[in-house]
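Reader: I should like to learn how salt bridges and pockets are read from a structure. May we work through an example together?

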Amino acid sequence: MERLAPVHYPTVWPEVFARSGRHGFDCLLGNPPWEKVVVDREVWWGMHLPGVRSQPVARRRARIDALEAARPDLAAEFETEKERAEAMKLVLRATFPKLGSGQTDLYKAFSWANFALCRDGGRIGLVLPRTAVSDAGMANWRTEVLSVGRSVGRSVGRSVGRSVGRSVGRSAILLLPISVATLINHKGWVFEGVHNSYTVALVAVTRCSAWSLASTPSSGPSTGSTAATPSPSSPSASSTPEPSPGGGLEGDPDEPYVAIYPGPAGSLAQFRTMVDGKPELVPVSEFTRWSNTAAFPQIPTRPAFRVWRKIKRHPRFDGADLNESSLSLSLSRRGRSWRFRPVQGDFNSTTDRHRFVNDDGASARSRNSTPPTTGASS
């Protein structure tokens, strides 16, 4: 613990956390480290053997083994570093029990810490790897952000006078719990010295609550958008309720929405064009049906987003999004007695032998059999 030098925020900033009904930071901005809490053997020993990691696997491992045997002091230091990393993992996972599956990444812990330290109605802006908005390892965090927004959307009506996210009229509110824009580091325009293929996610979160929406101006600074300072998370507050090119406001304006900017932007000029345009607004209830992990898709253009959204609005071919009774009813209404079932790309002549009938094509003439369809079929 001494090496970690932990900070107890309410002790360091009592003026922030002692505020009645408004404990926590108004705004948090961060670019957390994108590092895994792990000591990789080849990476660690590679720092003491320059160039060894570029060698063939067998030769690389042999050289590392030889140095480890010749330098017991370095071997002991390596074991100490591994123990420290394991201790750090235990601390982080005990502090953030919903940290998620996979590797213990520091950016995951920072994302949870920022969300916990932000007050109701406050804002969070984070620079994260794209995996933070797409992979299963951050599914718990994304779900938590969206679930807070959904509970507010159900409890707040049009009569509330202060907006969180984006005002769409004098009497209506559009709640934006989360906004996402992506960038690709082409020619290092985002981060110098970082590989060109890295995709960055700019994530803006509003920690919504019924109290933060209904609070009066005397309770503190407004958390609404400012027209003079547009950003990915807060488009112009003077906007009117009109559909965006990708579908826009098609649901209940009292329901929370997610804002998705088509991307990734490959240059500063593209980024400015992307931000100046409107985000694609999707009701949270619709967005959470797209996947089981609240993953954000990366879709390059607004027309492509429109197609994606239409596809996602239709039932799945295999009916996996319906329960058994609903699926049976749906099939009977369509006069269908068969179902789509996903299988591996093709049939295997050995493991799928039982699915074939070898009778020189005689069964193909039977109405109860389905002949195979090939690329040459017409």
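**Salt bridges and a pocket**

Author: Certainly. This is a predicted model, and it holds 17 salt bridges.

Reader: When is a pair of side chains called a salt bridge?

Author: A side-chain nitrogen of Lys or Arg must lie within 4 Å of a carboxyl oxygen of Asp or Glu. Lys98 and Glu144 form such a pair, at 3.3 Å from N to O. Their bridge links distant parts of the chain, 46 residues apart: Lys98 belongs to the loop between H5 and H6, and Glu144 to helix H7.

Reader: Is Lys98 buried or partly exposed?

Author: Lys98 is partly exposed, because its relative accessibility is 43%, and buried means under 20%. Glu144 is also partly exposed, at 23%.

Reader: Which salt bridge has both partners buried?

Author: Glu286 and Arg309 meet at 2.9 Å, N to O. Glu286 lies in helix H10 and Arg309 in helix H11, 23 residues apart. Both residues are buried.

Reader: Which residues are joined into one network by salt bridges that share partners?

Author: Arg19, Arg22, Asp26 and Arg119 are joined in this way. Within that network, Asp26 and Arg22 meet at 3.6 Å, N to O.

Reader: How should I describe the second largest pocket?

Author: Begin with its space, about 760 Å³, and then turn to its lining of 27 residues. Val7, Tyr9, Leu92, Phe96 and Ala113 lie nearest the centre. Helix H6 supplies the largest share of the lining, seven residues.

Reader: What is the chemical character of this lining?

Author: The lining has 22 nonpolar residues, five polar and no charged ones.

Conventions
Residues are numbered from 1 along each chain as its sequence is written. This is a predicted model: local features need pLDDT of at least 70, side-chain atom pairs count only at pLDDT 80 or more; totals for chains, interfaces and linings use all residues. Side-chain values use heavy atoms; hydrogens and water are left out. On a 1 Å grid over the protein atoms alone, a cavity is a set of points where a 1.4 Å probe fits but cannot get out, and a pocket is an open set with protein on both sides within 12 Å along at least five of seven lines; lining residues have an atom within 4 Å of a point. Grid points are joined across faces, edges and corners, and a volume is the space filled by probe spheres set on the points. Helices (H or I, at least four residues) and strands (E, at least two) are DSSP runs, numbered from the N terminus. Ala, Val, Leu, Ile, Met, Phe, Trp, Tyr, Cys and Pro count as nonpolar, Asp, Glu, Lys and Arg as charged, and the others, Gly among them, as polar. Buried means under 20% relative accessible area, exposed over 50%, partly exposed in between (1.4 Å probe, protein chains only).
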